[in-house]
Amino acid sequence: MSGSDPGRRKLVRGGTVLTLDRELGDFERADLLIEGDRIAAVGPGLEAGDAEVIDASRAIVLPGFVDTHRHTWQAQLRTIACDWTLGQYMTGLHSGLSGHFRPEDTYIGNLLGTVEALDSGITTLLDWSHNLATPEHADAAIAGLAESRARAVFAHGGGAPQWDVLPNPVPHPEDARRIRDQYFSSDDGLVTMAMALRGPEIATREVTVADYRLARDLSLRITIHIGNGEMAKEKPVAWLGESGLLADDVTYIHCNALADEELKLIADSGGTASISPDVELQMGHGWPATGRLIEIGIQPSISIDVCSSTGGHMFGAMRTLAGAQRGLDNGEAAARGEPLDHVPLSCRDVVEMATLGGARTVGLDDRIGSLTPGKQADVVLLSTESYGMYPVNNPYGAVVYNAHPGVVETILVGGEVVKRDGELVGVDRERIRRLAHESRDHVFAAARQVEATREARPGGAWMPPHF
Ligand SMILES: [Zn+2]
């Protein structure tokens, strides 16, 4: 799906280049040479030759962001849950609206959600797809991802039967085998596959063992939610260890309520972590575990999570994550009576989590996450034209604190220009808009036919009961 013409060359010229590769370093002014789908060279004054030149003289150039966990199918329900608790989300959305999704709703949710992410500079997204009522829903989810032209990991989850009773005794759908076979016989495509499992806090222990076995049978990485507030259990990671299930192929999402010993077990096993700062703070998961994870040796990644209740771009997530951790650090320092002499979590740290850290978390760091020659050319240019973006005195600070989707000017995925002059290339905006509204209207109308969700409607006033 990428690199159709290996001879084609592009030169991104004269930008402030943040490679996120510590050996290469960063450049106040440099060029990026792309050959085919890969980065060929980074440095000042590269020879353009016959390459197509992309002017970056008023831009910050960095690797595309990696969102390591998003329930993309909810995109047409965006903002409906912005004022909901976790309990209201579970009744209103998870067991309420989700049951009315037809395959075409899953398709447009995934297409809109992935296009939204790509437009804001997220070139890779792990789609945590857990509303797969039928095999046709899974096919539709993959079709939406593939059409977007973003790089994506389709993380195959279950549907209502896998979630409606807790702890859940229904095994992961065997349809995962078909999906692996039919769409992902190679792991080299722009869209690859992983397994979105429920893990020991949501499924029964017996089912958790069976689910892990299925994933490893299929040679697929695993991603689970764990340690989130009200749903947390005693020492789930220790139990995974006792059951022989801890390994470096697992990503642990949230982790807020996990004790330090539990985090240590994850670190020792080589596991990775994903923090969804906005959702965790809104829904009572607990303080984001950013600092505790870093302390114990895990560089966490950043994720959007439920796009029904939080914004879909990395800039907002980076700001919330930085603000929460800085608040915690300052609070602890004040409690000790010793003000901080430096800020422990830097803006560079945060951007690294959102790029290279994300790539490691989804197992693609040999391919993406930094502007290292040989890697895939997934590149984002942030315009510094607008008043809030210049002078560029601290580029990482600008990315974290001043940038927003509106300054994402140009994007390449696998060397292909997918956004140019602020517009996604080859996307039928009106069709996506129409399908998204039709789907939204269908889901709400169907929900109003059910007693428990009789009040369901857009507008912001609908408040489902806490579970
Ligand atoms: Zn989630």
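The questions and answers below walk through the cavities, zinc site, pockets and aromatic pairs of this predicted model.

User: Happy to dig in! How many cavities of 30 Å³ or more does a search of the whole structure find?
Analyst: Good place to start. Rolling a probe the size of a water molecule over the atoms shows where empty space is left. With a lower limit of 30 Å³, the search of the whole structure gives a cavity count of three.

User: Which helix gives the most to the lining of the largest cavity?
Analyst: The largest cavity has a volume of about 170 Å³. Its lining is made of 17 residues, and H71, L86, Y89, H225 and N228 lie nearest the centre. By class, nine of the lining residues are nonpolar, seven polar and one charged. The helix that gives the most, with four residues, spans 86-94 and is α1.

User: How many charged residues are in the lining of the second largest cavity?
Analyst: The second largest cavity has a volume of about 60 Å³. Among the residues lining the second largest cavity are T68, L126, R221, T251 and V362. Arg counts as charged, so R221 belongs to that class. Next to five nonpolar and four polar residues, the number of charged ones is one.

User: Which protein residues are the donors of the zinc ion?
Analyst: The spacing in sequence gives the pattern H-x1-H-x153-H-x79-D. The donors lie 2.1 to 2.4 Å from the zinc ion, with NE2 as the donor atom of each histidine and OD as that of the aspartate. The residues are H69, H71, H225 and D305.

User: What is the arrangement of the four donor atoms around the zinc ion?
Analyst: Four donors count as tetrahedral if all angles lie between 85 and 135 degrees. Around the zinc ion the donor atoms subtend angles of 82 to 166 degrees, so the tetrahedral range does not hold. The arrangement is therefore classed as irregular.

User: How far apart in sequence are the parts that H71 and H225 tie together?
Analyst: Among the zinc donors are H71 and H225, each through NE2. H71 sits in the loop between β6 (65-70) and α1, while H225 is in strand β10 (residues 222-226), so the pair ties together parts separated by 154 residues.

User: Are H71 and H225 buried or exposed?
Analyst: The cut-off for burial is under 20% relative accessible area. H71 has a value of 2%, and H225 has 9%. Both values fall under the cut-off, so H71 and H225 count as buried.

User: Which element gives the most to the lining of the largest pocket?
Analyst: The largest pocket holds about 680 Å³ of space. Of its 26 lining residues, R78, L112, I432, R433 and A436 are the closest to the centre. At least two lining residues come from each of α2 (103-119), β17 (423-424) and α14 (429-447). With eight residues, the element that gives the most is α14.

User: How many charged residues are in the lining of the second largest pocket?
Analyst: About 390 Å³ of space lies in the second largest pocket. Of the 19 residues lining it, G291, R292, Q325, D329 and E332 lie nearest the centre. The elements giving two or more lining residues are α9 (290-296) and α10 (314-336). Besides 10 nonpolar and three polar residues, the number of charged ones is six.

User: Is the W128 and W163 pair edge-to-face or stacked?
Analyst: The search of the whole structure finds seven aromatic pairs. In the W128 and W163 pair the centres are 6.2 Å apart and the planes make 70 degrees. Planes over 60 degrees apart meet the criterion, so this pair counts as edge-to-face.

User: Why does the W128 and W163 pair tie together parts that are apart in sequence?
Analyst: Both residues are buried, W128 at 0% relative accessible area and W163 at 11%. W128 lies in strand β7 (residues 122-129) and W163 in the loop between β8 (151-156) and α4 (175-183), so the ring pair joins parts with a sequence separation of 35 residues.

User: Which residues do ring pairs link into a cluster?
Analyst: A pair of aromatic rings is described by the distance of the centres and the angle of the planes. Rings pair if their centres lie within 6.5 Å. Through such pairs, the residues linked into a cluster are W84, F444 and W462.

Notes
Residues are numbered from 1 along each chain as its sequence is written. This is a predicted model: local features need pLDDT of at least 70, side-chain atom pairs count only at pLDDT 80 or more; totals for chains, interfaces and linings use all residues. Side-chain values use heavy atoms; hydrogens and water are left out. On a 1 Å grid over the protein atoms alone, a cavity is a set of points where a 1.4 Å probe fits but cannot get out, and a pocket is an open set with protein on both sides within 12 Å along at least five of seven lines; lining residues have an atom within 4 Å of a point. Grid points are joined across faces, edges and corners, and a volume is the space filled by probe spheres set on the points. Donors are N, O and S atoms within 2.8 Å of the metal (3.2 Å for Na, K and Ca); water is not among the atoms, so sites may look incomplete. Four donors count as tetrahedral if all angles lie between 85 and 135 degrees; four count as square planar and six as octahedral if opposite donors are over 155 degrees apart and all others between 65 and 115; anything else is irregular. Buried means under 20% relative accessible area, exposed over 50%, partly exposed in between (1.4 Å probe, protein chains only). Rings of Phe, Tyr and Trp (its six-membered ring) pair if their centres lie within 6.5 Å; planes under 30 degrees apart count as stacked, over 60 as edge-to-face and the rest as tilted.
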